[in-house]
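Reader: I would love a close look at one part of this model, starting from a single residue and then moving on to what lies around the rest of the chain. Could you walk me through it?

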Amino acid sequence: AVGGAVYDITSFLDEHPGGRLMLMRHAGTDASAAFNAVGHSVKARTRLADFYIGDLVVTGRLPAPESPPKPVHVAPATRITRGLLRPPSP
């Protein structure tokens, strides 16, 4: 997202002058600061309209759990002997 708008730039990845990796680093994030810091041209800013798919909607964060997760008991490992599962020897 840039400036609250979401863009699907998949078709532009291989054309981007800064390389595909630069775009992928910010995929799925609010890339406004990175986009603005580069100093994109008017043409680049205008071209964003070609990739616009919607507005970013922020709905808040997931609520914190009411209590910490309970520990999970893990049984001792078993050994495989001749293709049969057998409990470990004492």
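Author: Happy to. Let's start with Ser32, which counts as buried because its relative accessibility is 14%, below the 20% cut-off for that class. Please keep in mind throughout that this is a predicted model.

Ser32 sits in helix H2. If we set aside the neighbours within four places in sequence, Ser32 is in contact with Ala1, Val2 and Gly3.

Helix H2, which covers residues 32-38, also takes us to the largest pocket, as H2 is among the elements that give two or more residues to its lining, together with E1, H1 and H3. The space in this largest pocket comes to about 850 Å³. Its lining is made up of 32 residues, and those nearest the centre are Ile9, His16, Leu23, Phe35 and Leu48. Sorted by character, the lining has 20 nonpolar residues, 8 polar ones and 4 charged ones.

Now for the aromatic rings, where the structure holds 2 pairs. One of them joins Tyr7 and Tyr52 in an edge-to-face arrangement, with 6.1 Å from centre to centre and 70 degrees between the planes. This pair links distant parts of the chain, since Tyr7 belongs to strand E1 (residues 5-7) and Tyr52 to strand E2 (residues 52-55), 45 residues apart. How open are these two tyrosines? Tyr7 counts as partly exposed because its relative accessibility is 22%, which lies between the limits of 20% and 50%. Tyr52 is partly exposed too, with a relative accessibility of 41%.

The other pair is formed by Phe12 and Phe51, and here the rings are tilted, with 5.6 Å between the centres and 45 degrees between the planes. That angle counts as tilted because it is neither under 30 degrees, as in a stacked pair, nor over 60, as in an edge-to-face one. This pair also links distant parts of the chain: Phe12 is in the loop between E1 and helix H1 (20-25), while Phe51 is in the loop between helix H3 (42-47) and E2, 39 residues apart. Are these phenylalanines buried or exposed? Phe12 is buried, with a relative accessible area of 14%. Phe51 is buried as well, at 9%.

To put the two pairs side by side, the tyrosines Tyr7 and Tyr52 are both partly exposed, whereas the phenylalanines Phe12 and Phe51 are both buried.

Note on methods: Residues are numbered from 1 along each chain as its sequence is written. This is a predicted model: local features need pLDDT of at least 70, side-chain atom pairs count only at pLDDT 80 or more; totals for chains, interfaces and linings use all residues. Side-chain values use heavy atoms; hydrogens and water are left out. Rings of Phe, Tyr and Trp (its six-membered ring) pair if their centres lie within 6.5 Å; planes under 30 degrees apart count as stacked, over 60 as edge-to-face and the rest as tilted. Helices (H or I, at least four residues) and strands (E, at least two) are DSSP runs, numbered from the N terminus. Buried means under 20% relative accessible area, exposed over 50%, partly exposed in between (1.4 Å probe, protein chains only). On a 1 Å grid over the protein atoms alone, a cavity is a set of points where a 1.4 Å probe fits but cannot get out, and a pocket is an open set with protein on both sides within 12 Å along at least five of seven lines; lining residues have an atom within 4 Å of a point. Grid points are joined across faces, edges and corners, and a volume is the space filled by probe spheres set on the points. Ala, Val, Leu, Ile, Met, Phe, Trp, Tyr, Cys and Pro count as nonpolar, Asp, Glu, Lys and Arg as charged, and the others, Gly among them, as polar. Contact means heavy atoms within 4.5 Å.
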